[in-house]
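Open the model in your viewer and keep the selection tool ready. We will go stop by stop.

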Amino acid sequence: MPTPSLAVLPIRRLTLRDLTACADLSEDRGWPREEHKWRFLLTAGHGYGIDDPDGGLVAACVVTKYGAHERPDLGAVGMVLVAARHARRGVGRRLMRHVVTAMGPTPLTLHATPYGRPLYEELGFKVTGRAEMLLGHFVPGGPEPRASTRAATAEDLPAIIRLDEEVFGADRTPLITRLPAFADQLRVAEKGGSITGYAAAWPNMETHVVGPLIARDTETAKALVSSLAARTERPLRTDIDVRHEELRTWAKARGLASVAENSVMTYGIPDLPGDWRRRFAPLTVAAG
């Protein structure tokens, strides 16, 4: 039987049963399999995919909604992948148009590689910022950051959720409540009995990704990163908003090197909500 045209293959919702197929798709495009991250995103977000009649997936992506379930304040699009054998045939454009339509009036955001940015611009996304990916073994040194940190406890979770919503600009409770199980470390900064920042380090292949990183100021962000680094032997990776130049310079002096830069893009809003001055790094570029 002839293979159906890609244009008529249905787009369907993905579930955890598709975890292996999603990881296979990542590997097909030269990405790490990232099964731990895929599991998190497919659980907390909404996956969309196109089945390949010959097996596996033609394409996939995940949308994570924030705010009220019925009327989300924001949707983050990530993990947009098309199998190499089906590349440059309009599949990614079709999948993204489906997502934009499915989300209706909900504003969207995503982190775009230089390769993917032209497609998103064609669909109406605008560049509103940039994030620099840093990677390397953290080397302690220099003055100790002037902020106190400790491991987060279950009792801290309500305060973390309140702080996160204030800084991020939308309610991310479904994601934040999953952090203790998703991350290997979750730490808070504290002053006068109040939580002034928090950060997680979660495993991604051979690295620990630092994110989210939310802090009242740069010194607090440094203290959180230092405290996470002191408790792992893995290389650290994080994606820092380029406006936080002091933190980026400090991280590079501590052994992290720039490996990539992505464009932060939005659709339906001129800029991301919340307070960027306290939002240093996303949980993951796929979910904001």
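Start with the elements around the largest pocket of this predicted model. Select strand S4 (72-82), helix H3 (91-103), strand S5 (108-112), helix H4 (117-122), strand S6 (126-136) and strand S12 (257-267); each gives at least two residues to the lining of that pocket. Which of them should you colour separately? Choose S4, which supplies the largest share of the lining, six residues.

Now look at the space itself. The largest pocket holds about 1100 Å³. Its lining counts 39 residues, and those closest to the centre are Trp-31, Val-80, Leu-81, Thr-113 and Tyr-115. Show these five as sticks to find the middle. Then colour the lining by class: 21 residues are nonpolar, ten are polar and eight are charged.

Move on to the second largest pocket, with about 230 Å³ of space. Select Phe-138, Glu-144, Pro-145, Ser-226 and Ser-227, the closest to its centre among 15 lining residues. Colour by class again: nine nonpolar, four polar and two charged residues appear in this lining. Next, pick helix H8 (residues 218-229), the source of the largest share here, four residues.

Stay on H8 for the last stop. Select Thr-218, which lies in this helix. Is Thr-218 buried or exposed? Its relative accessible area is 17%, so Thr-218 counts as buried, the cut-off being under 20%. Finally, show what Thr-218 touches. Beyond neighbours within four places in sequence, Thr-218 is in contact with Glu-246, Leu-247 and Phe-280.

Terms used: Residues are numbered from 1 along each chain as its sequence is written. This is a predicted model: local features need pLDDT of at least 70, side-chain atom pairs count only at pLDDT 80 or more; totals for chains, interfaces and linings use all residues. Side-chain values use heavy atoms; hydrogens and water are left out. On a 1 Å grid over the protein atoms alone, a cavity is a set of points where a 1.4 Å probe fits but cannot get out, and a pocket is an open set with protein on both sides within 12 Å along at least five of seven lines; lining residues have an atom within 4 Å of a point. Grid points are joined across faces, edges and corners, and a volume is the space filled by probe spheres set on the points. Ala, Val, Leu, Ile, Met, Phe, Trp, Tyr, Cys and Pro count as nonpolar, Asp, Glu, Lys and Arg as charged, and the others, Gly among them, as polar. Buried means under 20% relative accessible area, exposed over 50%, partly exposed in between (1.4 Å probe, protein chains only). Contact means heavy atoms within 4.5 Å.
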